[in-house]
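Please open the structure in your viewer and keep the selection tool at hand. The tour below proceeds from one selection to the next.

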Amino acid sequence: MADFSYPTGVAKKLPLTLLVFFSALLYNQIQPPPPKVPGSPGGPPVTANRTKLRDGRHLAYLESGVPKEQAKYKIIFVHGFFCCRYDVLNVSQGLLQELGIYLLSFDRPGYCESDAHPARTEESIAVDIAELADNLQLGPKFHLMGFSMGGEIMWSCLEHIPHSPLQPGNAFAGVGDDVKVHLWHGVEDLFVPVALSRYISKRLPWVIYHELPTAGHLFPVADGMPDVIVKSLLLGDG
Ligand SMILES: *[C@@H]1O[C@H](CO)[C@@H](O)[C@H](O)[C@H]1NC(C)=O
Ligand SMILES: *[C@@H]1O[C@H](CO)[C@@H](O)[C@H](O)[C@H]1NC(C)=O
């Protein structure tokens with residue numbers, strides 16, 4: 001019988017050459033297009049109000065509720081992955097007015113109309129939020145809320161935004177009466193296992209933990225939930 005094998009040199013090199021070729025092709029295909037920076041030449045126009053941070057980046061923000069000068073409570077909301085400032089917790093107008101709430105949300109760095117922060121760190125988002133609050137003159141006291149990946153950022157804020165009687169870096173030793181941390185989790189959450197929040201609330205007894213037995217990841221958009229969450233945060237659970 002004849003043996004039709006290729007000369008071994010070519011047989012080895014051809015697949016390798018093809019692999020390199022297709023890898024190069026694939027690499028080109030998956031490159032993101034050049035960024036279109038809002039407000040820059042060729043970029044989309046800026047439609048939001050934006051504040052300039054010390055390092056020159058802009059953060060886009062959206063205010064709702066009562067004017068901050070008249071507000072009894074000020075809340076900064078931090079959105080999750082693949083969202084923007086408009087994905088703020090949908091608190092009813094009735095409650096905003098009744099309790100006197102000023103609600104501020106913003107595009108996280110790199111989202112929508114906020115400039116990207118390629119050198120961002122776990123700490124830098126907390127510094128950005130503190131600077132946003134300063135720039136908008138919210139005063140020394142405000143509440144923070146985060147949903148989903150915005151919830152992770154709450155831990156960073158707790159650690160890095162100074163709040164009496166804690167010093168930065170000490171946050172997880174325990175919190176004083178003037179700082180309350182609420183954690184909400186739906187048992188049927190398919191993105192973040194509820195075991196995580198159970199573990200955290202067990203290890204950090206000062207965390208006020210709310211577990212929703214029949215809710216999934218998106219419980220904050222359920223009818224009436226935004227008001228329940230905000231009332232619990234501002235007024236306690238009664
Ligand atoms: C920007 O802020 C001003 C002053 O608070 C407000 O009147 C205006 O509606 C805001 N613009 C946008 C696009 O949110
Ligand atoms: C926000 O809640 C109001 C009721 O308070 C509802 O009419 C509206 O459709 C909701 N908006 C979104 C985006 O879910």
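Two strands are said to pair if DSSP finds at least two bridges between them. With that in mind, select strand β2 (residues 58-65) and strand β4 (residues 101-106) in this predicted model. These two strands pair in the antiparallel sense over 5 bridges. Within the pair, Glu63 has Leu104 of β4 as its bridge partner.

Next, extend the selection to the whole sheet, an open one of 5 strands in the order β1-β2-β4-β3-β5, with mixed pairing. At its edges stand β1 (49-52) and β5 (143-146); each has a single partner strand, so one side of each is left without a neighbour in the sheet. Direction ignored, neighbouring strands are turned by 30° against each other on average.

Now add helix α3 (residues 124-135), which packs on the sheet and touches β1, β2, β3 (73-78) and β4. The direction of α3 makes about 60° with that of β2. Helix α4 (residues 149-160) is the next selection: α4 lies across β3 and β5 and runs at about 145° to β5.

Which residues surround ligand 1? Select Ala48, Asn49, Leu62 and Glu63 to display them. This shell comprises 2 nonpolar residues, 1 polar and 1 charged.

Finally, colour the chain by pLDDT. The mean is 89, and 88% of the residues reach 70 or more. Over residues 166-174, however, pLDDT stays under 50, and the model has 11 contacts beyond four places in sequence for this stretch. Viewed whole, the chain holds 6 helices and 7 strands, and 21% of its 238 residues count as buried.

Note on methods. Residues are numbered from 1 along each chain as its sequence is written. Chains are lettered from A and ligands numbered from 1 in the order in which they are written. This is a predicted model: local features need pLDDT of at least 70, side-chain atom pairs count only at pLDDT 80 or more; totals for chains, interfaces and linings use all residues. A residue is near a molecule or strand if its C-beta atom, placed from the backbone, lies within 6 Å of it. Ala, Val, Leu, Ile, Met, Phe, Trp, Tyr, Cys and Pro count as nonpolar, Asp, Glu, Lys and Arg as charged, and the others, Gly among them, as polar. Helices (H or I, at least four residues) and strands (E, at least two) are DSSP runs, numbered from the N terminus. A residue is buried if 20 or more other C-beta atoms lie within 10 Å of its own, exposed if 12 or fewer, and partly exposed in between; C-beta atoms are placed from the backbone. pLDDT is the predictor's confidence in each residue, from 0 to 100. Two residues are in contact if their C-beta atoms, placed from the backbone, lie within 7 Å. Axes are lines fitted to C-alpha atoms, for helices over the stretch in contact, and angles run from 0 to 180 degrees between N-to-C directions.
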